[in-house]
Every structure is written in structure tokens, then in C-alpha cells.
Amino acid sequence: MAVAQAEGRHPASVAKDYHLIQGRPALKADAMLARFQKAGGMVQWVKYTDDVVTGVFSHPQGGSLEVSWTLAQAKAIGLATKDNWRLYPRAMLRARVISEGIRSV
């Protein structure tokens, strides 16, 4: 509710753009990507498999950066044991690439 108020939006519209992770709102990767693209950012998908996802992120004000995430990385830090990672590894890797790429650029 505080996020909705801060963004001047209806709570239902905010609910579709945010996850609640450990009690804190976190912008979903798709919403983050949409905002990035609306602000002039671009992403080019270089590799998109269940084992590795790579994207090149660019923005007129921030240069460009290639970001990759692998299933091996996710396993090494304990993420890959969660249900979403076992069922949808490519989508979860994509979300990690998006959030890291956009935050970095």
C-alpha cells in the first residue's frame, strides 16, 4: 500500500508489478524491463537457454553492458533448489539477467 501511495497508483496495479519477498516489495523483472525500455533502454538477447541467459543492455545515458547468468551460478548460491528454479530455469535466469543488467546500466 505504501508503494501504491508513493507512486500515485491504485494498489491493484502496483500488485501486478511487485513481488513481496521476505515482506518487502520488489519490482518484478518484466515491470523493470518495461520501465527501462520506456525510458529509452534496449536489450538484445544473445543466449536464451535453460542453462544460460545472456543479454546486452544499453541506454543512451548509461552505455552498454553484457550480462549472463547460468544455472550453475544459481545452484552455487542456493537458488536452484526452489520450485520456480526447478520448473522454469530459463525464466528465472532471465529475471536475474534483467535485474542485474538494468541496475548496472
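Good morning. I should like to begin with one contact: Val56 has Glu66, in β5, as its bridge partner. This is a predicted model, and what follows should be heard with that in mind.

The bridge belongs to a longer pairing. Strand β4 and strand β5, the latter covering residues 63-70, run antiparallel to each other and share eight bridges. The connection from β4 to β5 is a hairpin of three residues.

Let me now place these strands in the chain as a whole. The protein chain contains six helices and five strands. Read from the N terminus, the order of elements is α-α-β-β-α-β-β-β-α-α-α. The C-alpha trace extends over about 40 × 35 × 15 Å along its principal axes. Of the 105 residues in the protein chain, 30% count as buried.

I turn next to the aromatic residues. How many aromatic pairs does a search of the whole structure find? There are three aromatic pairs. I shall describe the one formed by Trp45 and Phe57. Their ring centres lie 6.2 Å apart and their planes meet at 80°, so this pair is edge-to-face; the cut-off for that class is over 60 degrees. Trp45 belongs to strand β3 (residues 42-48) and Phe57 to strand β4 (residues 52-59), so the pair ties together parts twelve residues apart in sequence.

Are the two partners buried or exposed? Phe57 has 0% relative accessibility and therefore counts as buried. Trp45, with a relative accessible area of 30%, is partly exposed. Both residues also belong to an aromatic cluster, which is formed by Phe36, Trp45, Tyr48 and Phe57.

A further aromatic contact involves a charge. The charged end of Arg96 sits over the ring of Trp69, at 5.4 Å from the ring centre. Arg96 appears again in the next topic, the largest pocket.

The largest pocket holds about 720 Å³ of space. Its lining comprises 21 residues, and those nearest the centre are His19, Ile21, Met92, Ala95 and Arg96. Two or more lining residues come from each of β1 (18-21), β2 (24-27), α3 (29-38), α5 (83-87) and α6 (89-104). Which element gives the most to this lining? It is α6, with seven residues. By residue class, the lining divides into eleven nonpolar, three polar and seven charged residues.

Staying with helix α6, I would point out Arg90, which is located in that helix. Arg90 has 37% relative accessibility and therefore counts as partly exposed. Its C-alpha atom lies 9.7 Å from that of Trp69, with the two positions 21 residues apart along the chain as the separation in sequence. Trp69 is thus a residue we meet twice, since its ring is also the one over which the charged end of Arg96 sits.

My last residue lies outside the helices and strands discussed so far. Thr81 is found in the loop between α4 (71-76) and α5. At 61% relative accessibility, Thr81 counts as exposed, because the cut-off for that class is over 50%. The C-alpha atoms of Thr81 and Asp51 are separated by 14 Å, and these residues are 30 apart along the chain.

To close, I return to strand β4. This strand pairs with β5 in the antiparallel sense, and it carries Phe57, the ring partner of Trp45 in β3. Thank you for your attention.

Terms used
Residues are numbered from 1 along each chain as its sequence is written. This is a predicted model: local features need pLDDT of at least 70, side-chain atom pairs count only at pLDDT 80 or more; totals for chains, interfaces and linings use all residues. Side-chain values use heavy atoms; hydrogens and water are left out. On a 1 Å grid over the protein atoms alone, a cavity is a set of points where a 1.4 Å probe fits but cannot get out, and a pocket is an open set with protein on both sides within 12 Å along at least five of seven lines; lining residues have an atom within 4 Å of a point. Grid points are joined across faces, edges and corners, and a volume is the space filled by probe spheres set on the points. Helices (H or I, at least four residues) and strands (E, at least two) are DSSP runs, numbered from the N terminus. Ala, Val, Leu, Ile, Met, Phe, Trp, Tyr, Cys and Pro count as nonpolar, Asp, Glu, Lys and Arg as charged, and the others, Gly among them, as polar. Rings of Phe, Tyr and Trp (its six-membered ring) pair if their centres lie within 6.5 Å; planes under 30 degrees apart count as stacked, over 60 as edge-to-face and the rest as tilted. Buried means under 20% relative accessible area, exposed over 50%, partly exposed in between (1.4 Å probe, protein chains only). A charge sits over a ring if NZ of Lys or CZ of Arg is within 6 Å of the ring centre and within 35 degrees of the ring normal. Two strands pair if DSSP finds at least two bridges between them.
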